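Colleague: I have a new model open and would like to learn how to read it. Could you take me through some features, one at a time?

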Amino acid sequence: MTETPGGLPEDSAARIARLRQHVDAMRETVRKRLDQNSTGIQASAGLAQATEEFLIDRWNKAVDRHAVNLRGDLERSGALIFVGGSGRGDVAPYSDVDLLFLHAADSAAPFETCVAQVVRDCWDAGLKLGHSIRTPQDLLRTAKADPQFATTLVEARRIWGSSELVDRTLRQYQNSVLKGRRRQFIDACIAERDKERVAHGATAQQLEPDVKRSLGGLRDLHLIRWIGAARYGTSNIDSLKLQGALTPADALRLTLAHEYITAVRIRLHLAAGRPQDVLTRDDQLRIAAQRGIPGTAGQRPVERFMQEYFQHSMAIAEITARFVQNHRQQPVAQRLYHFVMNHRVDDIYRVGPEYIDLPRSLRSRHCSTLEEILRLYVTAGLHCVNLSPGLAEHVKAAARNIPDAQLSAEASRLFLEFLSTPGHLGGLVRSLYDTGVLEVILPVMRHVRCLLQFNQYHSYTVDEHTLRTIDAAESFLATDTPLGQAYREIPHKELLHLALLLHDAGKGYEEDHSEVGRRLAWDAAVRLGMPEHQRDLLVFLVHRHLLMATLAFRRDTTDPEVLLNFNYEVGSPDALRMLYVMTAADISAVGPGVWNDWKAELLAALYDRSMIWLSGKSYLFEEPTRLQRTFADVTRELNPAPEDTDALRRRLESLPTHYLLATPPERIAADLIIAKRLTDADIEIESKYEAETRTVEYRVIVHESVSAGCFHKLTGVFSAKRMEILSAQICTTPDGIVIDSYRVRDYDHEAEVPEFRQTEVAKLIRQALRGELDVERLFQSRSRFATNVVQGPVSNLPMRVVIDNDSSDKYTILDIFAHDRPGLLYRIARTLFEWQMSVVLAKISTHFDQVVDVFYITDSTGRKISDGTRLKQLRDGLSTQIAQFEEAAAAGA
């Protein structure tokens, strides 16, 4: 029991409730201030002040209760110090309160008793302390050994107790740590921040950023403050500006960004009711709605909100990078090495191991016009070095004064020469973009700056994705792969790199981005004065940059008609090489892990077949040769008796072409051995885990007499067991043997999928095929556990069903665009089965703007569906079924 001010006992529960009400009221005040248009910094400072008053009140009550007779001694020998975010008044509603309890060694016992009471009170109040209890000697020893602790003291502020003790201790800290160990302190701060960025996002345009720790987050502002304190004796942004450490423009940008991101962080905490620094997609939608941001024809409100956010985070990231570079001290040996290795180029540039530079006295004379700046970048590209930080700042300032007038012939020539030189092109293109020069040359790049694609498949903004495509393409240069060979053989790499810069420039408009991109590419080619044949190739690459991926991942590329139409549109080996590299670079830059061996193989196969055609040798004539090779390889694997060779050949000729060309000969041989011994009642199942792709291939071989509805039954089993189906190949032999292959990712196992799991799934498949298991009931009973396999839909693209009856003579092709819901593939497969459709081939893709499931189907007689009325019923019926499924899934989420 405690006592109330009137002397009456106070119930513990009532006391805790009163404390919590006080803290809740503090947080509610923050919400009201934001709603009344206070800035983030104002709201944060108000909360810091209220927290300080609360803590002082709790401390005084603790002293009155436990050491009232020692109050004077405690005030002379102890102190409460706000450190870290609390010290600079930069706090969020549920962030830890950074508090240091400092005391002289001889007052430990009564002081620590009061500390314990305050900690209990804060815990009861729902206020989390990040605290420590230290003597001055302990503080100094820890600050020298622990950089993270040392940074918290940069903005330490006494809130109670002995000012003499605090001042003396902080002076010693500044002399022994900030000044006496300045270089070590700055290097340690930078190293710790680098580690943090890697862990929480190394790009300022991460689509779900940590507003505190990601690149361009609040922690980068802290890094500037810490370095400023060590180098200039102040952590204040305005003071750093007055001392020349920051330009007035940079100081203003930092202040505006600080206010904006702090307000976002506070809203994240208030909405979550707990510490929350990750700006999730749900939070993005909510904050955009709270702020009443209007949408446009090409951008949703949330996309405009995030574009604004990224403009601020990019400003912080860019200024911090320059500030760090300018204040990072190099060891003497490294400075000596750079001095020795420096050499003069063209009588004006100084080129070293890492940077190209110009003396300050020559910068205005030799680096102010667009032509001079581009000549600098061409030289940097030839020597594979970056611009020095000071020179990059000069270029950025000069770019603001260059008008977007018509480019001179010399500027166009230099820009295309710059783009033609791989080696360090990715880094220099990024520099050209960061300095604003790229927007002078290609004004369309202003539109994509910080432009968000609000869906779950892209990891970066449009501009960051675009810059990464250059890095990806350049990375193929030294690889011993088909991509590397294709990239090296491209004679005009400037066309490829320019197409990559423009390929997504049409996003953010109401019209399809490829159509907008076609016009933008035409305009860019005219602006650069490119000859007609290069202009046409550039327009094709930008307009049709999705074509090759669409065919490789969604079509049967062994079909001669598919190849004929594709090659007719591509037109030349050179265009094919560029489109191939462009497609791979585009996919690689979507996000981590999106480019994989499976996609590489599919694209390489299409490239190889098309190159044979476009090089003067039609794949229509090559296919028989490849089939003959397959027949020979399978025959060699099986080694039949001479009298059985003809029968084997006839059997091979009866198998579907897509199966023969997409399956290794040894696998075909194994399938035929299994099929030969198979009885009508047998069900053969093999499974194999592949570590490179972290997938399992399940191969099912069964007689068609027991395989009715095989496709939908297997998809139902996989979905119920929390597996994502990545691809499916279905093959039926003339004598009624079904050979199905499914590649799946098992979300119940992050590492290797164990044997017992594969055995369990195989058992369920057998039970489903034999009718011993009700797949629908299994799916319904377990589908609720599959909802956490993927996030709910965030794409604003509508669901649609497209019927393609022209690409294949044998099959009707269904392209189904839908949100990625667990169990969707099963629902589609079951619907097709109920409508007596046979699925011959399935291709599944979940790595572009929407999930796309592609099915090659026939009717119950094995024929292509040609009746127009039935095709319409098929499309409309599937659309209705999928819409109902999505509504039910959304309602149950």
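Colleague: Let me begin with a pair of strands. How many bridges join E4 to strand E5 (residues 129-134), and do the two run parallel or antiparallel?

Modeller: Happy to help, and please keep in mind that this is a predicted model. The general idea is that strands of a sheet pair through backbone hydrogen bonds, in either a parallel or an antiparallel manner. Here, E4 and E5 run parallel and are joined by six bridges. To find the register on your screen, look for Leu-102, which stands opposite Arg-134 in E5.

Colleague: Which way does strand E3 (residues 78-82) run relative to E4, parallel or antiparallel?

Modeller: E3 and E4 run antiparallel, with five bridges between them. A handy marker is Phe-82, whose bridge partner in E4 is Leu-99.

Colleague: What unit do E4, helix H5 (residues 108-125) and E5 make?

Modeller: Together they form a β-α-β unit, and its hand is right.

Colleague: And how many residues of strand E4 (residues 97-103) are buried?

Modeller: The cut-off to remember is that a buried residue has under 20% relative accessible area. Six of the seven residues in E4 are buried, so the strand is largely enclosed by the rest of the structure.

Colleague: Next, sheet order. In what order do the strands of the open sheet of four stand?

Modeller: The order is E7-E8-E9-E10, and the pairing is mixed. Strand E7 (343-345) and strand E10 (386-387) are at the edges with a single partner strand each, so each has one side without a neighbour in the sheet. The partner to look at for E10 is strand E9 (residues 355-357): two bridges join them, and they run parallel. There, Ile-356 stands opposite Leu-387 in E10.

Colleague: Backbone angles, then. Which loop holds Cys-384, and what is its phi?

Modeller: Cys-384 lies in the loop between helix H17 (370-383) and E10. Its phi is positive, about 55°, although the residue is not a glycine. With 39% relative accessibility, Cys-384 counts as partly exposed.

Colleague: Where is Gln-836 placed, and is it buried or exposed?

Modeller: Look in the loop between helix H39 (824-834) and strand E17 (838-845). Gln-836 counts as exposed, at 55% relative accessibility. This residue, also other than glycine, has a positive phi near 60°.

Colleague: Now a helix. How many residues of helix H25 (residues 493-502) are buried?

Modeller: The general idea first: an α-helix has 3.6 residues a turn, so residues three or four places apart point the same way. In H25, 10 of 10 residues are buried, and the helix is mostly covered. Among the buried residues are Lys-493, Glu-494 and His-497, as well as Leu-495 and Ala-499.

Colleague: Let us zoom out. How many helices and strands does the protein chain have?

Modeller: There are 40 helices and 18 strands. Of the 893 residues in the protein chain, 54% count as buried. Its C-alpha atoms fill a box of roughly 110 × 80 × 50 Å along the principal axes.

Colleague: What share of contacts between residues at least 6 apart in sequence join residues at least 24 apart?

Modeller: That share is 70% in the protein chain.

Colleague: Last, surface and charge. How many positive and negative side chains are there?

Modeller: The protein chain has 109 positive and 119 negative side chains, and the centres of these two sets lie 5 Å apart. The accessible surface is about 38,700 Å², with 50% belonging to carbon and sulfur atoms.

How values were computed: Residues numbered from 1 in each chain as written. Heavy atoms only, no water. Buried < 20%, exposed > 50% of the residue type's maximum accessible area, 1.4 Å probe, protein only. Pairing = 2+ DSSP bridges. Right-handed = clockwise from strand over helix to strand, strands pointing away. Contact = heavy atoms within 4.5 Å. Areas by Shrake-Rupley, 256 points an atom, 1.4 Å probe, with all protein chains shown as cover. Lys, Arg positive; Asp, Glu negative; His and termini not counted. Charge placed at Lys NZ, Arg CZ, Asp CG, Glu CD.
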